[in-house]
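Hi,

Here is the structure I said I would pass on. Have a look at it first, and then read my notes below.

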Amino acid sequence: MIKNGNGALEGAVVAVAGAAGPAGRSALLRLAEAGATVVASDADPVRLAEAVDAARYAHGGATVTGDTVDLLDLAATREWADKTEKEFGRVDGLVHLVGGWRGSASFAESAVADWNLLEKLLIRTVQHTSLAFHDPLLRSDRGRFLLISAAGASAPTAGNAAYAASKAAAEAWTLALADAFRKAGGEEGPKAAAAILVVKALVHDAMRAERPNAKFAGFTDVSELAEAIAGVWDRPARDVNGQRLWLTPKP
């Protein structure tokens, strides 16, 4: 059933980082469906254009734009945030969906090279987007910074040392942003919020098609994640700021 949007996101301007993957595509669709203007970014211009076109086609009349942005470049990320606020007059959200995974068969086989890659993808991009969008989100009356994280950050396994450590660092950085929002709100409480959506792992239709007999136990479908993302705007900032919102059972 197609919804005409909810009050919390109607007219909002939401930036989505890492928008070209399956989770990003679902988020673009759901946010556009809810009435938001969606500003997508990704490092892959071809896949980004496909994702933006799909969201536009699914929701005629929705404003969905795409910018190829190098989120490893702080100046470029700030330029993206400034451009978005200038063009649309406000920024009400940044959804961080930049992903990546590297693992090993055992702890002893953990590769420092995996850490070097994941530190860029999973931490540096969080740092740059949070710094770039901090001020615009504070100027909003409903600013939200959303990090998608993994249960493994709280319960690392031997073969996932680099990935779990990267996710844990990204969570800590996001919680520091939440504290900044809390302090900025003073006695009245935060107007903006930084929250963490925690999944075990994500699953989408193409994965099910490739592995028809797999159960994907505990995995969160990308459509469910998109629904949870949109739902954060339905709750007051003080209720979600600095919170880990679990979409899978806690380990």
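**The aromatic pair**

Let me start inside: Trp80 and Phe133 are both buried. Keep in mind that this is a predicted model. Trp80 and Phe133 belong together for another reason, too. The structure has two aromatic pairs, and Trp80 with Phe133 makes an edge-to-face one, with 5.2 Å from centre to centre and 80 degrees between the planes. Trp80 sits in helix H3 (residues 74-88) and Phe133 in helix H4, so the pair ties together parts that lie 53 residues apart in sequence. In case the numbers look odd to you, a pair of aromatic rings is described by how far apart the centres are and by the angle of the planes.

**The sheet**

Next, the strands. Seven of them form an open sheet, and if you walk across it you meet E3-E2-E1-E4-E5-E6-E9, with parallel pairing. The edges are strand E3 (64-68) and strand E9 (244-246); each has a single partner strand, so one side of each is left without a neighbour in the sheet. From one strand to the next, the twist averages 20 degrees.

If you want one pairing to look at, try E5 with strand E6 (residues 193-199): they run parallel and are joined by seven bridges. Ile148 stands opposite Leu197 of E6. Strand E6 is also the place of Val199, which counts as buried because its relative accessibility is 5%, and buried means under 20%. Val199 and Ala209 are 10 residues apart in sequence, while their C-alpha atoms are 21 Å apart in space.

**The pocket and the cavity**

Then there is the empty space. Rolling a probe the size of a water molecule over the atoms shows where such space is left.

The largest pocket has a volume of about 1000 Å³. Its lining takes in 42 residues, and those nearest the centre are Leu97, Val98, Gly99, Gly100 and Leu122. Sorted by class, the lining of this pocket has 24 nonpolar, 13 polar and five charged residues. Several elements each supply at least two residues of that lining: helix H1 (22-33), strand E2 (37-42), helix H4 (112-139), strand E5 (144-150) and helix H5 (161-185). You have already met H4 as the helix that holds Phe133, and E2 and E5 as strands of the sheet.

How many cavities of 30 Å³ or more does a search of the whole structure find? The search finds one. About 50 Å³ of space lies in the largest cavity. Residues that line this cavity include Arg102, Ser104, Asp114, Asn160 and Tyr163. Helix H5 gives the most to the lining of the cavity, with three residues. By class, the cavity lining has four nonpolar, five polar and two charged residues.

**One more residue in H4**

Finally, Ala113. This residue is found in helix H4. Is Ala113 buried or exposed? With a relative accessible area of 51%, Ala113 counts as exposed, because the cut-off for exposed is over 50%. Ala113 and Asp92 are 21 residues apart along the chain, and 36 Å separates their C-alpha atoms.

If you open the model now, I would begin with Trp80 and Phe133, the edge-to-face pair, and then go on to the sheet and the pocket.

Cheers

Definitions and conventions
Residues numbered from 1 in each chain as written. Predicted model: local features only at pLDDT ≥ 70, side-chain atom pairs only at ≥ 80, totals over all residues. Heavy atoms only, no water. 1 Å grid on protein atoms, 1.4 Å probe; cavity = no way out; pocket = protein on both sides within 12 Å on 5 of 7 lines; lining within 4 Å. Points joined across faces, edges and corners; volume = space filled by probe spheres on them. Helix = DSSP H or I, 4+ residues; strand = E, 2+ residues; numbered from the N terminus. Nonpolar A, V, L, I, M, F, W, Y, C, P; charged D, E, K, R; others polar. Phe/Tyr/Trp six-rings, centres within 6.5 Å; stacked < 30°, edge-to-face > 60°. Buried < 20%, exposed > 50% of the residue type's maximum accessible area, 1.4 Å probe, protein only. Pairing = 2+ DSSP bridges. Axes fitted to C-alpha atoms, helices over the stretch in contact; angles between N-to-C directions.
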